[in-house]
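Student: Could you take me through this structure? I should like to start with the fold and then turn to the contact and the hollow spaces.

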Amino acid sequence: MARQSKKQGKSITWGKYGTWEGTESFLGKEICYSVGADVVEKGTIRRWLEPKEFDCPLHYNDEVAKRAGYKGIVAPCGMVMTYGVEPYWKPGDPHAKLGDLPKQIPLPVLDIVPAPCTLSFASDIEIEFFEPVYTGDQVTCTSKLVAVTKKELKIGKGAFLKQESIYMNQKGEVIAIMHIAIFRFVQPNGKVD
Amino acid sequence: MVEWEKQLYFDEVKVGDEIPPISLPLTLQRMIMEAGANRDFSSIHHDTKAARATGAPDVYMSSFFIVGMFERLLREWIGLKGKIKKIGPFRMRIFNCVGDLVTFKGKVKQVQNEKGEIVLDIWSETRRGQTTTGEATVMLPKRG
């Protein structure tokens, strides 16, 4: 699942370029703190359920959720990742210009951590859930680089960078912890384009 | 349709049980609805040209989308009083692309009485074979 693309002569970059020393300087450190764009509410939950054809009343019926032991409507567990994403544009940001490249989802191990690589793909993911997410909650996310494992695969030479993201609510409770591994690499012949 | 009034209990589960699979046809419209809903607007998940430029056959499912479908698979089996403890680790092996019918499946791997937890193998399949493989951990209510 390699990610690299060109559009109108400009490259969509799939990772900040740099040295392995630069990569390792981030190891074990907090690399990003983000505040989710939207507070948890019924409309965003409904829109998340819709394309999955996911009909579970815990996520839209207050009475059913209470009978199941919750305080009220709960967001689906996996939505914590969505509620941790920052806005793509917010008041005060500059306006887009014709020809600007589309913004990609912010991923700290790609956007902040440098590596001598131009291609990347997400290989593994794991998310553990601790607390329910209720309407009205505000999700924040703190990410850390927890491992760098150099590896040569058929598709190229590089390293797996593992990111740990801790999601919290406004009360400081840990809602979920996610680990995602991204393989950042260059093609075997060293060709980067 | 899921019968939500029925509840599965811990003592009803044994190793090797297969859970009811779910399938979803991937259309470009669904991918765009999903990107808008999960907020992963990376071009590879809704723009065919961008996806093909990265070596993918077409627009493909994001990890957010895959996690969401595994959640639906598990929730429909564990019922309203079950808890999803963990989804993963799972590996994304092959693209789930526009035009594919993706089927999500699961099978009970361990029943941990002390913890009250159940570990399942979970995976997704398309005409190209298994596209993601991994595991999940859930909890079910005990009777009495």
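**Fold, interface and spaces**

Tutor: Chain A has five helices and nine strands. Please bear in mind that this is a predicted model.

Student: In what pattern do they follow one another along chain A?

Tutor: Read along the sequence, the pattern of chain A is β-β-β-α-β-α-α-α-α-β-β-β-β-β. The C-alpha trace of chain A spans about 60 × 40 × 30 Å along its principal axes.

Student: On to the interface. How much area do chain B and chain A bury between them?

Tutor: The two chains bury about 4,000 Å² between them, and 59% of this lies on carbon and sulfur atoms. Chain B brings 43 residues to the contact and chain A brings 48.

Student: Why quote an area at all?

Tutor: The accessible area lost when the parts come together is often used to give the size of an interface.

Student: How many salt bridges are there across the interface?

Tutor: The rule finds four between chain B and chain A. In a salt bridge between the chains, the side chains of A:Glu53 and B:Arg30 meet at 3.1 Å, N to O. Polar contacts between chain B and chain A come to 20 residue pairs, with both residues at pLDDT 80 or more.

Student: Which elements of chain B supply the side that touches chain A?

Tutor: α1 (28-38), α2 (48-53), α3 and β2 (83-92) of chain B each supply at least two residues. The largest share comes from β2(B), with 10 residues. By class, this side of chain B has 22 nonpolar, eight polar and 13 charged residues.

Student: Now the pockets. What is the volume of the largest one?

Tutor: The largest pocket holds about 530 Å³ of space. It is lined by 35 residues, and the closest to its centre are A:Ile105, A:Pro106, A:Leu107, A:Ile180 and B:Phe64.

Student: Which elements contribute to that lining?

Tutor: Among those supplying at least two residues each are β6 (119-129), β7 (140-153) and β8 (156-168) of chain A, and α3 (63-78) of chain B. The lining comprises 23 nonpolar, eight polar and four charged residues.

Student: And how many cavities of 30 Å³ or more are there?

Tutor: The structure holds one, with about 40 Å³ of space in it. Its lining includes B:Met31, B:Glu34, B:His45 and B:Phe65.

Student: Which element gives the most to that lining?

Tutor: α1(B) does, with four residues. The residues that line the largest cavity divide into five nonpolar, three polar and two charged.

Key. Residues numbered from 1 in each chain as written. Chains lettered and ligands numbered in written order. Predicted model: local features only at pLDDT ≥ 70, side-chain atom pairs only at ≥ 80, totals over all residues. Heavy atoms only, no water. 1 Å grid on protein atoms, 1.4 Å probe; cavity = no way out; pocket = protein on both sides within 12 Å on 5 of 7 lines; lining within 4 Å. Points joined across faces, edges and corners; volume = space filled by probe spheres on them. Nonpolar A, V, L, I, M, F, W, Y, C, P; charged D, E, K, R; others polar. Contact = heavy atoms within 4.5 Å. Buried area = accessible area lost by both parts, 1.4 Å probe. Polar contact = N/O pair within 3.5 Å; in protein donor to acceptor, adjacent residues only side chain to side chain.
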